[in-house]
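Some notes on this model follow, as numbered points. Please read them alongside the coordinates.

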Amino acid sequence: MTLAQVFWFRDASVGQPDRFYATADRDLTIAGDFADFSGDIAVLKRRLRKQEVRVHDHFPAYSKDFCRRLGIDSEQAMELFHQTVSMKSVGNLNDFVRSHMLEPFDAAGWTNRLVEHFEDLSKAHEAVLKARTQLTLLEPLLAECDAYDELDARITAGKAAREALRFYCADRKAALLGDRLTALGGQISAQQNALAGAEIELDRLRRKERDLEIQRAGRGGDRISQLEAEIAAEEKERDRRKEQDNRYRTLLTAAGLPAVADPAQFTARQRAVAEMQGSLDQEQADLQNQLTDLTVERRDLDAEAAELNTELLSLRERRSNIPKRSLDVREALCAALRVDSAELPFAGELIQVRADCAAWEGAAERLLHSFGLSMLVSSEHYDAVSEWINDRHLGIKLVYYRVPERLGQIPPPQLSERSLFAKLQIKDSPFSTWLDRELTHRADYECVDTMTDFRRAAKAVTRAGQVKGARGRHEKDDARRIDDRRHYVLGWDNQAKIDALLDQANRLQLQLRGLDGRTQKVKTELSAKGKLATTLTMLEQFNGFTEIDWQASVNRIAELAGEKTRLEQQSDELKRLTAELEAAGRQIKAAEEAKGAAQTELGNLGGQRKAAEKQLRDTRTTLDEPAAATATASFPLVAQRVGSRSLVTPEDCDTCRVEVNDEITTEIDRLTGRQNKVAARVVGKMSDFRKAYPLETEEFDNSIQSAGEYRALHDRIASDDLPRFEAEFKTYLNTNTIRDIAGFHSQLTKQAELIKQRIETINDSLVDIDYNPGRFIRLEPHPTVNVEIRDFRKDLRECTSGSLGGDDSNQYSEQKFLQVKSLIERFRGREGQTEPDRQWTRRVTDVRNWFTFSASERWRADDTEHENYTDSGGKSGGQKEKLAYTILAASLAYQFKLDWGVSKSKTFRFVVIDEAFGRGSDESTRFALGLFRRLGLQLLIVTPLQKIHVIEPFVAAVGFVDNKTGDSSRLQTLTIEEYQQRQLAHALGTVSDQGV
């Protein structure tokens, strides 16, 4: 068989020569087969192919061809062939055995397949983690939604109970009114009977009185009758004056004035009344002005509350702190231009103070408030935005900045860690770079803690908000408190602002309640002043003391009664008739009083019945409303709230309705406040979730009304996506990755066993070589102590331990995944450690590295150890060469599959040794050549002339090379016999010359 390599230059003056390779199953010669082709390489290749010469353009195909034809089964055999060319000694026994005596295992295919499968596994694991994370985020969100729904149910139940309350009370009141009307009917009937009896008795008494008066008149009783008439008239005047006196006293008491006992005091009181009337008008005017001021203040607070409520509603629908009026303008602008609001952000939406610097948040707001309200406009939208703004009355002040696509290469100023800029956080966005540069100029104030530092710094700001700017300008704007979050505009999370506004709403509610109290107080005072004015007017109507002097009438009645008594005592008959008349008068008076009482009671009862009937009609009208039928379902709830209240009379029902209605309204207001806070938290969590998962929530809203969509998503993830992802993950983990790792582990274990077998095979060759008289060499493999390899093998076992046992728990799967991930990430190459991981992978997956090797020199007689060599260090040159040649011979026998002592074989036996014996001892050289002869090797030895005498007995031909001029080498080939003859002739000629 012939091997050939052909070199030529396409251009003799440039570069490396081109080449091609040829193999043939016959002898080829340069003159016969590689000449006369006119310099055309293509012609030469065609001619060789026609002569059944195999032509190859590349070395791998050429190498594969001649190895197959020469019976060289492995690349390692060729490596060993190359090693023998420059073999001097075994520098490191482990390296030599691993590199030249053991086949490498192609672990790259396995590791690549593991990495590929791990990509699928990693995606499946990411899907599981994503689903679990989504559930983790959704569960507190839905818990808040449940809390909202629970509060909503309680509020709805409260409202239903409040609506049903009037029907419940009306129902009870109707029953009680029916009972009252029945009772009143009985009472009216009894009073009517009593009235009829009183009228009959009164008529009888009056007839008797007339008879007695006629009898007395016949006995001279006219003067007595006249006196009685005058007494009766005077008694009426007395009663009138006394009634006026009581009224006057009552009015004086109401006006805060003392009573009177004589005309002088009366005159003084009337003057006091006139004076009080003069000052009362001014007091009423002052109170009316106060009431007007309070009404205006109430209107302003109502307007503030409405604006606050609008702002809160707006904040719950977004995450920005920018005021609603500014956002409304942007919303209109974005709608007109058909762009997303995120493309036209306000600066404040992209800037916030870092959480660890929260103490400087107020100072940052002082400095950057106006800038935070500025809108950022990219060059893409600048033309349309500027035109839209110019064509409209915005109703607010709007500042906007044009942000260029590219910024100049101006180096930013160097700011200290104490600067306000260092305490700011900029949200990632297309405007981040521009904002960063802008803030280096706007927020370059040093944040100082003391006034000493403040005075020393060129530009500074204190926590209290005092600002020191350029050119000596100082400012402290305390129009608002520095910690008043209601007016903050920086940041992309508005929960703190919502809380501040809720607190403000509570304070505003307290203000409104206080204002209502003050208003009611003024109204009460104004009403009292009005009543006092009426009282004074009525007092003013009394013209003189006589109108109230009832004591004078008492005195006159006494005079007339005395005269009457004297007349009656003059006649016994008149006395008797007078006594009887008086008795009849008393009886008539009693009868009239009874009749009046009956009439009064009858009137009262009639009025009560009319009132009850009207109430019953009104109550039944209420019960006839359509809502009454549905309200009955809520009566049990109303009954619970009514509790143990006594509902004995219709009035009790009215009182109960007012009290319970107030209680329910208070509870609904309290629950609504809690519900609003829960809704704010829900909207915040929804916004965070949508930002984290925009694709899944593309059609969702940040509103409590979207809770059903989030619940459906949670249910789908929990019942469908997550179980499916977990099943896929476990399938990928157990079926693909873990089993691949198990297979990989098995292959590596097989390779380890194969290495042990190969070492045993090599030892079979070493047994036949006498390393020293009576002793031979044996290679001994030992498990490596390398920590990386030991850990790698341990990790492999842990990845596959229990994996085929069917443990299906999530904990097991996650644990296995982390073990597999740790291993395969190193196969793939971790970020920043790609090359170290690649080297580690080659090192730990090369099974040859799992072993360390030693050479044991043993006695052939009893197989006991004479000496053990872990490498050839510390030995003499001859010993190193001897050990090298011994191991090399065994390696050649193993790799080339040679049999000891067989001179003819079809196996490849060619070995090239380049200067192998140049510095070695003659003894070691003879030892090596003897070994090679026993193996029947074909040797090509390149050696200096000084070793030719040692080599001569072992070679058949000699090729002599020289280069006298330095640019032309010559080769002369001689058989060993020809060489010896020429050497003898040369020696004889030298002797002859010396003899001459």
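1. In helix 23, the buried residues (under 20% relative accessible area with a 1.4 Å probe, protein chains only) are Asp837, Trp840, Thr841, Val844 and Thr845. Their directions from the helix axis, taken to the C-beta atoms, fall within an arc of 105 degrees, so they line one face of the helix. An α-helix has 3.6 residues a turn, so residues three or four places apart point the same way.

2. This is a predicted model, in which local features need pLDDT of at least 70 and side-chain atom pairs pLDDT 80 or more, while totals for chains, interfaces and linings use all residues. Residues are numbered from 1 along each chain as its sequence is written, and side-chain values use heavy atoms, with hydrogens and water left out.

3. Helix 23 covers residues 834–845, and its end C-alpha atoms are 16 Å apart. This agrees with the 16 Å expected for 12 residues, because the span is 1.5 Å times one less than the number of residues.

4. Three strands form an open sheet in the order 12-13-14, with antiparallel pairing (at least two DSSP bridges between two strands). Strand 12 (775–783) and strand 14 (865–869) are the edges, each pairing on one side only. The twist averages 25 degrees from one strand to the next.

5. Strand 12 is joined to strand 13 (residues 851–859) by nine bridges. Phe776 stands opposite Arg858 in strand 13.

6. For the protein chain, the secondary structure comes to 27 helices (DSSP runs of H or I, at least four residues) and 18 strands (E, at least two), numbered from the N terminus. Buried residues make up 39% of its 996 residues.

How values were computed. Buried < 20%, exposed > 50% of the residue type's maximum accessible area, 1.4 Å probe, protein only. Axes fitted to C-alpha atoms, helices over the stretch in contact; angles between N-to-C directions.
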